[in-house]
Amino acid sequence: MEAVIRKLADIEVTAEKIVDHAAEQKTEIEKRIHQETLDFDKKLEAETQETIDAIRTEAKKELSGLVVREKERHKSIIENLEQTYEKHHEEYAKEVLKKIIEG
């Protein structure tokens, strides 16, 4: 009988060791998963920022090109307006003064 009790005690000790070891493994696995999650989030954030920067750079480049094209497109209109003003600015000034005086 004593041998059976001793064997049961040994089995209980072994079972406790197995449970303790499983708990340690669980903790280690949780730590590893947490670190892998942090690493993944960091990598994803860096990739996302890189993509955003590339899009922002491309958008600035396109906007700059658009501004240049619009300036060129309207350059002749502005030059014509300036020439017309230079030719007729005295007439415009007289007309404005006349309207001010006459009400």
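E2 is exposed in the predicted model, its relative accessible area amounting to 57%. The side chain of E2 is joined to that of R6 by a salt bridge, with an N to O distance of 3.6 Å. R6 has a relative accessibility of 48% and is therefore classed as partly exposed, since the exposed class begins over 50%. Both residues belong to helix α1, which spans residues 2-102, and their separation of four residues corresponds to about one turn of the helix. The contact between E2 and R6 is one element of a set of six salt bridges in the structure.

A further salt bridge links K26 and E30, whose closest N and O atoms are 3.9 Å apart; this distance satisfies the criterion of within 4 Å. K26 and E30 are likewise placed in helix α1, four residues apart, or about one turn of the helix. With regard to solvent accessibility, K26 is exposed at 53%, whereas E30 is partly exposed at 44%.

The pairing of E70 with R73 also lies within helix α1, here with a spacing of three residues, again about one turn of the helix. In this salt bridge the closest N and O atoms are separated by 2.9 Å. R73 is exposed, with a relative accessibility of 53%, while E70 is partly exposed, with a relative accessible area of 28%. E70 is therefore not counted as buried, because that class is confined to values under 20%.

Technical notes:
Residues numbered from 1 in each chain as written. Predicted model: local features only at pLDDT ≥ 70, side-chain atom pairs only at ≥ 80, totals over all residues. Heavy atoms only, no water. Helix = DSSP H or I, 4+ residues; strand = E, 2+ residues; numbered from the N terminus. Buried < 20%, exposed > 50% of the residue type's maximum accessible area, 1.4 Å probe, protein only.
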